[in-house]
There are 4 protein chains.
Amino acid sequence: MSPAPRNTDPAPETAPKRPDPARRSERSRQAVLGATRELVSEVGYAKLSIEAIAARAGVGKQTIYRWWRSKGTVVFDAFLALSEEAGGVVLPDTGDIEADLKAVLRATVAEFADPAFEAPIRALNLEIAGDPELAAQYRERLAAPVDEAKRERLRSAQRAGQIRADADLDLALELLYAPLYQRWLLRTGPLTGEYADALVEHVLRALRP
Amino acid sequence: MSPAPRNTDPAPETAPKRPDPARRSERSRQAVLGATRELVSEVGYAKLSIEAIAARAGVGKQTIYRWWRSKGTVVFDAFLALSEEAGGVVLPDTGDIEADLKAVLRATVAEFADPAFEAPIRALNLEIAGDPELAAQYRERLAAPVDEAKRERLRSAQRAGQIRADADLDLALELLYAPLYQRWLLRTGPLTGEYADALVEHVLRALRP
Amino acid sequence: MSPAPRNTDPAPETAPKRPDPARRSERSRQAVLGATRELVSEVGYAKLSIEAIAARAGVGKQTIYRWWRSKGTVVFDAFLALSEEAGGVVLPDTGDIEADLKAVLRATVAEFADPAFEAPIRALNLEIAGDPELAAQYRERLAAPVDEAKRERLRSAQRAGQIRADADLDLALELLYAPLYQRWLLRTGPLTGEYADALVEHVLRALRP
Amino acid sequence: MSPAPRNTDPAPETAPKRPDPARRSERSRQAVLGATRELVSEVGYAKLSIEAIAARAGVGKQTIYRWWRSKGTVVFDAFLALSEEAGGVVLPDTGDIEADLKAVLRATVAEFADPAFEAPIRALNLEIAGDPELAAQYRERLAAPVDEAKRERLRSAQRAGQIRADADLDLALELLYAPLYQRWLLRTGPLTGEYADALVEHVLRALRP
DNA sequence: CCGTAACCGAGACGGTACGTCTCGTCTTGGA
DNA sequence: TCCAAGACGAGACGTACCGTCTCGGTTACGG
């Protein structure tokens, strides 16, 4: 039996001195996230400053820099915290996959149209698009459970014979949501209920047995 | 005595003093756009500053503020100029719509994978996503001609009976490109030739007569 | 004839980019010096901050950093400006060197005792003691003319036969003023008129023919 | 009815919670003083921080704040400890007051010229000049014994008839040392052996019978 | 053909925010 | 209870850029 290697870490190099999470002030964390949500709504993401967050939260700037890498990570956490409270996602399953998908996509369209959601969601998306590490966290903590719920609904339709057994469900999800997302993000066209319906109809045509 | 005339003039209001485009220095314009392209490649969009552009271009800051609204518009123009040089877009038409689309999407995948293109294209996309006015310009001057070429190829396939006569070609384009775009922008999955092929196959299934 | 050498400069090395004094804003300069004098009086030298000076003066911080090396140099200039306005110094010459010196030293004692002068003069002295470059400027621009006036009074006494012809007048000045200065700076003893008188009497004993 | 008692209590007032000196860790005290001496030499007094002292000494910051009022008092103690080890001061007494004083002043000049002493002594002096309480401590614990030794040498010269019986010895000491001190502190002139000699000669002229 | 009015490079200005540093206080866990 | 350790609110540091505002210099009309 060979001895367990003690330290396989290839690059310690004068450790960057991480803070101790056990001693973190929960009160400060909440204050920062709350202030961030308020300020994003008030002045928008681009004009958001760490200075302003600290002031609004009644917190020292160092406390923010100690626990977050960048403005983007703070904003991300601020909305992540909100979403995680929201709890599990359940999609409707009436047995009619077309009707159910239309309902879900119309709901998504409505969400994108709500100006109160629009600004922060856009900010969050830009942040994610520009930072691979945030993107990874986003996928794991926010997108994954939602996607799984959507995939499950498609699987149910498969079992009901409404979708081909050999369909690639991940690709199917992308076909459903990416056009919506792109229209919204780049404002390349109107986002309406009719559009959502047409989208669902086209995609289902590709998926039916 | 006649009443003092109210100022019903709806527009001038201490005119904002537009510069005279006729006297604009072409040399300065080119220097700014060139310096901008260099700097975006070197330091990325987020760390790009007007100050640095002016210094690199050997140009006064005022010259930039005189002719561009914001950092975003400069970057936009810098890449617009490049693309417009590229000239008209023509898509292959071998008569086989599936093969042609696969070739085009694989080319797009390759472009997204090229790290030299990646950074500035991403920067440009973030800028467009965050600024509706830039988005409009982008659609008119860059996206429109390319989209028209793509639509024309689909129309040709329609005439050849490879695509249903009543298909919505705009939606078809979105179904083809949006999933690719989303994967790239949010890094939600690998971008490979196989993926492009599968995408084309699925979408065509929805479009065939 | 040999060609004129183009560049004999031995150490250019990415020049530190000096600002152009010709374009300096006199209004800003005055505002900074004024604000500095006010703040030194109000909060003392130790608690004086560049930030506060800039705010009080209605000036950007960079404007201070552009023209002054350190907090010390600003304070120095602030009081230098005051003193230089004061104009030429003239010492009394009644013909009685002892009486005149007593009067002058008593005046100095009174100045040191005045709390309005005390704080800033002490701040200035600490700054000078800690920064050789400031010390040099202080000697040239403030101390030199005053010292020359004092030396001239002693020379006049020499001509009148009240002081030895071969006396070292610079040393004489130090003997007169250094004890006073030391008592004040280190608070090693009471500063009174009697002390000034005793000092003059002792020093004159060393200087008389 | 008796009058409400006035609070004649001169001290407690919501007691400031003094630590118990008996339980003080000698190891910590030494570590702090040692680290302080090192750091003053390395970075100078102005850039010295409590934070850095604590880190270098391997001591909690609170331990410093518990036992010292300010950065100045720590520095002061650090050098005080050094000097007190040095033990009693004895001045030479060859019977020739002029030769003896010249030797002593030349030694002082040499000390001031030594760059290893220069920096910390200057730091200490600035601190004393800016803090009356430190100044008092300095006089009692450091200056007093040295001054007494010097005064004793002058008294001995008085007994020997080399100095007038009615001379003010305290003033004499100031006449001897203040010029030296001032030249050093403000760098107003060269500090040489010749200067020390000239100083002694002038002062003695004022003191002789 | 000669002002004179624009653009131009340059860069100082009043500001905002950055990210770091240190202050002096407070909290935790170990001896 | 003291200590090492270090998180905390606070706020100054010195730097980077912002967008505006002069400065001279240099075109390029238009009287």
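1. Across the interface of chain B and chain A, 12 residue pairs are in polar contact, both residues at pLDDT 80 or more. A polar contact here is a pair of N or O atoms within 3.5 Å; within protein, one must be able to donate a hydrogen and the other to accept it, and residues adjacent in sequence count only if both atoms are side-chain atoms. The elements giving two or more residues to chain B's side are α6 (115-130), α7 (132-159), α8 (169-186) and α9 (193-207) of chain B. α8(B) has the largest share, 10 residues. Helices are DSSP runs (H or I, at least four residues), numbered from the N terminus.

2. This is a predicted model: local features need pLDDT of at least 70, side-chain atom pairs count only at pLDDT 80 or more, and totals for chains, interfaces and linings use all residues. Residues are numbered from 1 along each chain as its sequence is written, chains are lettered from A and ligands numbered from 1 in the order written, and side-chain values use heavy atoms, leaving out hydrogens and water.

3. On contact (heavy atoms within 4.5 Å), 32 residues of chain B meet 32 residues of chain A. The area buried between them is about 3000 Å², with 65% from carbon and sulfur atoms. Buried area is the accessible area (1.4 Å probe) that two parts lose on being put together, summed over both.

4. Chain B and chain A share 2 salt bridges. The side chains of B:R183 and A:E174 form a salt bridge at 2.7 Å, N to O. The rule asks for a side-chain nitrogen of Lys or Arg within 4 Å of a carboxyl oxygen of Asp or Glu.

5. Chain D lies on chain C with an RMSD of 0.3 Å after a turn of 179° and a shift of 0.1 Å along the axis. That is the relation of a two-fold axis. Superposition is by least squares on the C-alpha atoms of residues with pLDDT of at least 70 in both. D:A206 comes closest to the rotation axis among residues of chain D, at 2.1 Å (C-alpha).

6. Now the DNA. Of the 40 residues around DNA strand E (a heavy atom within 4 Å), the nearest include A:K61, B:T63 and D:Q62. Sugar and phosphate account for 58% of the strand E atoms that come within 4 Å of the protein.

7. The side chain of A:R23 places an N or O atom 2.9 Å from a base oxygen of DNA strand E. Phosphate oxygens of DNA strand E lie 2.8 Å from a polar side-chain atom of C:T63 and 2.7 Å from an N or O atom in the side chain of C:W67. α3(C) gives the most to this surface, 5 residues.
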